[in-house]
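Biologist: Could you walk me through one helix of this protein up close, and show me how that part fits in with everything around it? I am new to this, so please take it step by step.

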Amino acid sequence: MLRIEQPIDGIRIHYCPGDENTVALLTAACQRTLWLTTELWRLSPPTDCRVYTMRSALGYLLRSAPWPQKTIIAVLSPLVWVMLRRSWHLFPAWTQRYRDRPTIGIKPRGLFEKTDRHVSLMILNQEESIDRRIESTFCHELVHAQSAHLKLPMWLDEGIAMLTQDAYLGHPLLRPESLQLVQDHKPKRPPVSYRKLPGQPKGDIAYHYARAYWLTRFLNGRHPHVLREILSRRMRHGSIDRLVARELGVPRRKQWQEIDGLAVQSLTESRPEVSTEHRT
Ligand SMILES: [Zn+2]
């Protein structure tokens, strides 16, 4: 039987007995994350966000989906299970949106600790305690929940979530050396979609997250008005690309070949002014 905690208006945490420690960490992270997302991105707090401690991907989907989708997921459950199996070990949490309702699934502490960290360890700055990782991951997912209505491209969706983690943790989430990964990675293609991300080699997944982080950090430091505009309303991904290309003065057709180099050059020339560290 699920229990429910409501740490703040608009967010309800559904959890199983035994997950109380995890729920305490999520509760602690709520208020600060909502303050940060308003300060950094002017995102509104969610009005109906449901959070579930997640012991299996399929169980989470069946619990969190509204009725019509619940039935479809139940009928297709063998297929859904096969699809989710390849990504279950890679992600400690994920967020999705049903109409106007975002939901977050996050693994309770015991399962969270077992998540495959190969990709994280390639790019993350420093080892955090498990409790700190759970709080920071929940902060990341809450940003996704708050921006879900914008249907952002993967690079920007992940970028603002990771930069919010910077502010939450009080230090940059990614190691400076991950900038080298962005510089060196070939080929320079447009960002991958969420659907295709889990099927990529781990080195490519690390690149896509590092690119998302550094590109968003570059835009936030040097072209913050562009980010503000993109985050103010829902835009087509093509329109976002055109806006960014125009702002950076690069031809649209070569945008994703050139953008990594532009971001890396700017960030290595002037690190201090792109800091997103926040002080309370
Ligand atoms: Zn994410």
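Modeller: Happy to! Let's look at helix α10, which has 21 residues and reaches 30 Å from its first C-alpha to its last, close to the 30 Å expected at 1.5 Å a residue. Keep in mind that you are looking at a predicted model.

Now see how α10 sits in its surroundings. This helix is mostly covered, with 15 of its 21 residues buried. Not every position is hidden, though. Gly-203 belongs to α10, and this glycine counts as exposed, because 12 other C-beta atoms lie within 10 Å and a residue with 12 or fewer is called exposed. If you want a sense of distance, the C-alpha atoms of Gly-203 and Ala-148 are 27 Å apart in space, with their positions 55 residues apart in sequence.

What is the covered helix packed into? Here a general tendency helps: in soluble globular proteins, nonpolar side chains tend to be buried together. In this model the largest nonpolar core holds 63 residues, and those touching the most other members are Leu-26, Val-51, Phe-138, Ala-210, Tyr-213, Trp-214 and Leu-215. Helix α10, residues 202-222, provides the largest share of this core, ten residues. Both domain 1 (1-150) and domain 2 (151-280) give residues to the core, so it lies between them.

Zoom in on Ala-210 for a moment. Leaving aside residues up to four places away in sequence, Ala-210 touches Ile-123, Leu-174, Ser-178, Leu-181 and Val-182. One of these partners, Ser-178, falls within helix α9, which covers residues 178-184. Gln-180 is also in α9, and this glutamine counts as partly exposed because it has 13 C-beta neighbours inside 10 Å. Gln-180 and Gly-59 are 121 residues apart along the chain, and their C-alpha atoms are separated by 39 Å.

Let's step out to the two domains. The domain assignment gives domain 1 as 1-150 and domain 2 as 151-280, and their centres, taken over C-alpha atoms, are separated by 23 Å. Where they meet, 25 residues of domain 1 are in contact with 28 residues of domain 2. On the domain 1 side, α1 (20-41), α4 (77-88), α6 (118-123) and α7 (130-147) each supply at least two of the touching residues. That side divides into twelve nonpolar, ten polar and three charged residues.

Another helix makes a nice companion to α10. Helix α8, residues 154-169, has 16 residues that should span 22 Å at 1.5 Å a residue, and its end C-alpha atoms are indeed 22 Å apart. In α8, 14 of the 16 residues are buried, so this helix is largely enclosed by the rest of the structure. Just after α8 comes Gly-170, with a positive phi of about 85°.

Finally, the whole picture. The protein has 13 helices and five strands. Its radius of gyration is 18 Å, close to the 19 Å that the globule rule gives for 280 residues, so the protein is as compact as a globular protein of that length. The C-alpha trace spans about 55 × 45 × 35 Å along its principal axes, and buried residues make up 37% of the 280 residues. Among contacts between residues at least 6 apart in sequence, 69% join residues at least 24 apart.

Technical notes:
Residues numbered from 1 in each chain as written. Predicted model: local features only at pLDDT ≥ 70, side-chain atom pairs only at ≥ 80, totals over all residues. Core = buried A, V, L, I, M, F, W, Y, C linked by C-beta atoms within 7 Å. Buried ≥ 20, exposed ≤ 12 C-beta atoms within 10 Å, placed from the backbone. Helix = DSSP H or I, 4+ residues; strand = E, 2+ residues; numbered from the N terminus. Domains from an automatic or database assignment. Contact = placed C-beta atoms within 7 Å. Nonpolar A, V, L, I, M, F, W, Y, C, P; charged D, E, K, R; others polar. Expected span 1.5 Å × (residues − 1). Rg over C-alpha atoms; globule rule 2.2 N^0.38 Å.
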